[in-house]
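Good morning, and thank you for attending. Please look at the structure on the screen while I describe some of its side-chain contacts and one of its loops.

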Amino acid sequence: APQMKTICETDEDYRRLMEETYFEEYWEQIKDSTFASEFVRLSTEAAQALLDAHQKFQQNKEYKDGWKADYPVLNVLAMDIDSAKQKLGSSSMFVRLSSRSPKDAALSRSNFPALYQAELEKVKEIEASLSHPPTSLNNQRMHALYRASTLALQVETGAQGIQLLVESPRVQGDLEAFVLSQDSKTFNIVVREWGKFDVELEFRAFVYNRQLTAITQYNEFIFFPHMVENKDAIRQVVEDFVRTKILPVFKQLDNFVLDLALAYPQSADEKYKIYIVEVNPFAEFA
């Protein structure tokens, strides 16, 4: 049988695919369809401090604010993030790197258990108000976990943003690659306006050879009745969005993956509004 072609075969493939979809590479093309964002230049010194602070956190989970005394460069970085937030005029923000977000740090937040319990009650209340029967308790728990994991990434200060980066194993490889790299490619902390959306309306759209080939829910482990009931309308609005808003302006890549967040229509005459969360490489790991 013929073997399928592998898109990402080597470490060099992975690096190239990731760098092609660094946030700065496509920000200008999508800024009218996404959340307001500011960039804070990350120095190799600050990146190394984040790596070192993460190691201390791994050794001692009580190492919460220790980096403030240990790494003055991170205090400066936190202030720069605060300044970027001020430019956004937003009360809260989402902090990520050029490459990816520290979303895995959500579960280590001290308030996460309480956040999860509050979201579980909300999910139960929402389902009780709908016309169809409630979903299973396991489904409700997964839904609450998804909601809480998203909300836990909402920060109000630069120091809170630094703490997420310190606690996140997910971003350490990117920071290490940046520190070790010999090129001068810009690597930033991206400070984004906190965009409110319902997690049941978060999708991933796959574009190959400049054709939309598939749309999936972002979290495939949860059953969302609203999404199933409205799948045709959702599919149509995503297809139209990619065809009219993305392909005409996003020309640097033929193959890519879009993370999209939809907002509910506010009236019977309206359609879903779409926001681009980010662009990802079209590869096996997407």
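Where is the place of N209? N209 sits in the loop that runs between strand β4, residues 202-208, and strand β5, residues 211-217. Please keep in mind that we are looking at a predicted model.

Let us remain with this loop for a moment. Most residues other than glycine have a negative phi. N209, however, has a positive phi, near 55°, and is not a glycine. R210 is likewise not a glycine, and its phi is positive at about 60°. R210 also belongs to the loop between β4 and β5. As for exposure, N209 is partly exposed, with a relative accessible area of 48%. R210 is partly exposed too, with a value of 21%; the cut-off for buried is under 20%.

I now turn to charged side chains. Side chains of opposite charge can pair when their charged atoms come close. How many salt bridges does a search of the whole structure find? The search finds 17.

One of them joins R96 and E278, whose closest N and O atoms are 2.7 Å apart. R96 lies in strand β2, residues 93-97, and E278 lies in strand β7, residues 273-281, so this pair ties together parts that are 182 residues apart in sequence. Are these two residues buried or exposed? R96 counts as buried at 2% relative accessibility, and E278 counts as buried at 15%.

A further salt bridge is formed by D174 and R100, with 2.5 Å between the closest N and O atoms. This pair, too, links distant parts of the chain: D174 is in helix α9, residues 172-180, while R100 is in the loop between β2 and α6, and the two are 74 residues apart. D174 is buried, with a relative accessible area of 12%. R100 is buried as well, with a relative accessible area of 15%.

The salt bridge between R243 and D240 has its closest N and O atoms 3.1 Å apart. Which helix holds R243 and D240? Both are in helix α11, residues 231-246, and because they are 3 residues apart there, about one helical turn separates them.

Salt bridges can also be followed through several residues. In this model, E119, K122, R147 and D198 are linked in a network of salt bridges.

My last topic is the aromatic rings. The search of the whole structure finds 15 aromatic pairs. For F206 and F282, the ring centres are 6.4 Å apart and the planes stand at 90°, so this pair is edge-to-face. F206 is in strand β4 and F282 is in the segment after β7; the pair therefore links distant parts of the chain, 76 residues apart. F206 and F282 are both buried.

Which residues do ring pairs link into a cluster? The cluster consists of F23, Y26, W27, F39, F250 and F256. Finally, a charged residue meets a ring at K61, which lies over the face of F57, at 5.1 Å from the ring centre.

To close, I would ask you to find two places on the screen once more. The first is the loop between β4 and β5, where N209 and R210 are located. The second is the salt bridge of R96 with E278, which ties strand β2 to strand β7. Thank you for your attention.

Note on methods:
Residues numbered from 1 in each chain as written. Predicted model: local features only at pLDDT ≥ 70, side-chain atom pairs only at ≥ 80, totals over all residues. Heavy atoms only, no water. Helix = DSSP H or I, 4+ residues; strand = E, 2+ residues; numbered from the N terminus. Buried < 20%, exposed > 50% of the residue type's maximum accessible area, 1.4 Å probe, protein only. Salt bridge = Lys/Arg side-chain N within 4 Å of Asp/Glu carboxyl O. Phe/Tyr/Trp six-rings, centres within 6.5 Å; stacked < 30°, edge-to-face > 60°. Lys NZ or Arg CZ within 6 Å of the ring centre and 35° of its normal.
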